[in-house]
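Visitor: Please select a single part of this model and describe it closely for a first-year student. I should like to learn how that part sits among its surroundings.

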Amino acid sequence: CLVASTNRGCKAMFISGGATSTVLKDGMTRAPVVRFASARRASELKFFLENPENFDTLAVVFNRSSRFARLQSVKCTIAGKNAYVRFCCSTGDAMGMNMVSKGVQNVLEYLTDDFPDMDVIGISGNFCSDKKPAAVNWIEGRGKSVVCEAVIRGEIVNKVLKTSVAALVELNMLKNLAGSAVAGSLGGFNAHASNIVSAVFIATGQDPAQNVESSQCITMMEAINDGKDIHISVTMPSIEVGTVGGGTQLASQSACLNLLGVKGASTESPGMNARRLATIVAGAVLAGELSLMSAIAAGQLVRSHMKYNRSSRDISGATTTTTTTT
């Protein structure tokens with residue numbers, strides 16, 4: 001049902017002229033936690049790291065870790081005598097966590113000259129924040145921050161999606177916006193972005209655990225052109241993807257990346273393939289949001305699952321076939 005539904009959303013988008021994606025920001029983060037004997041001393045490290053006059057030196061030290069690593073920013077927050085330092089850097093076409101970790105290690109070693117009393121508790125202090133829902137990723141972004149939009153004509157909403165512009169706009173407001181606010185959601189202002197992100201991540205060799213923050217998304221819908229058409233968008237601040245390294249080297253995942261035209265490192269511009277993959281993820285999420293919301297608005301959600309989900313006989317047959325083949 002999810003495959004069929006997302007495909008229907010793609011069809012509606014394609015007929016209406018496609019979607020447009022924009023990468024707003026591109027930077028992976030790592031945040032070590034260090035401890036001092038006093039909060040005052042921890043504060044001195046914060047002032048040192050966030051002083052613009054020291055950034056160039058820190059960048060040179062950090063960038064030694066890779067020919068693609070480029071330090072973008074350093075932010076530090078204090079909790080008593082503990083300092084949490086969030087480094088953000090570009091990582092080319094790699095997802096980049098190992099790359100940024102190496103750069104952070106270089107800087108920590110460099111800082112021991114001026115801060116010999118600094119005790120490094122951990123290379124990650126969870127202010128990064130990786131594989132966990134966190135406001136810092138929702139606000140500051142992590143990986144690729146992407147916004148994707150499309151305008152779906154009213155007749156397409158009626159014929160392909162089997163609902164109306166007014167019904168979609170109302171449902172989005174009450175479900176994705178107000179409903180998520182009532183639930184106290186953190187970056188979950190969407191219908192099912194996680195379904196699509198998980199599927200694309202597994203298919204293209206990404207880290208499926210990073211689905212947690214990569215699925216943070218707000219879906220917006222607005223009636224335009226005197227209410228005849230609908231403008232839909234998804235804003236996703238922390239899509240963490242790469243086209244080199246890790247699972248991208250596996251045969252099936254490599255084939256999927258090749259199919260999408262983003263396999264490996266970009267020869268034209270470092271990072272371009274990974275950024276394009278992030279826009280593809282956002283476009284797929286947009287299609288999934290459009291179709292599922294339409295199914296709910298039209299009262300088709302339960303009916304479609306009852307019709308297309310496997311019966312116990314189908315599952316039994318599939319199990320037997322698989323066993324025989326194996």
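Guide: The protein contains 13 helices and 9 strands, where helices (H or I, at least four residues) and strands (E, at least two) are DSSP runs numbered from the N terminus. This is a predicted model, in which local features need pLDDT of at least 70 and side-chain atom pairs count only at pLDDT 80 or more, while totals for chains, interfaces and linings use all residues. Residues are numbered from 1 along each chain as its sequence is written, and side-chain values use heavy atoms, with hydrogens and water left out.

Of the 326 residues in the protein, 45% are buried; buried means under 20% relative accessible area, exposed over 50%, and partly exposed in between, with a 1.4 Å probe and protein chains only.

The part chosen here is helix α10, which runs over residues 251-260. Its buried residues are Gln 253, Ser 254 and Leu 257. They lie on the same side of α10, because they cover an arc of only 100 degrees around the axis, the arc being that of the directions from the helix axis to the C-beta atoms. An α-helix has 3.6 residues a turn, so residues three or four places apart point the same way. The face turned away from the buried side of α10 carries the exposed residues Ala 251, Ser 252, Asn 258 and Leu 259.

On the buried side, the residues of α10 pack against α8 (193-204) and α11 (272-297). Cys 256 also belongs to α10, and it counts as partly exposed because its relative accessibility is 29%. Apart from neighbours within four places in sequence, Cys 256 is in contact (heavy atoms within 4.5 Å) with Ala 203 and Thr 204. Just after α10, Gly 261 adopts a positive phi of about 75 degrees.

One of the partners of α10, helix α11, also meets helix α7 (residues 165-182): their axes come within 10 Å and cross at roughly 100 degrees. Axes are lines fitted to C-alpha atoms, for helices over the stretch in contact, and angles run from 0 to 180 degrees between N-to-C directions. The crossing therefore makes α7 roughly perpendicular to α11, a term for angles of 65 to 115 degrees. Among the residues making this contact are Leu 168 and Leu 171 of α7, and Leu 290 and Met 293 of α11.

Definitions and conventions:
Parallel < 35°, antiparallel > 145°, perpendicular 65-115°, else oblique.
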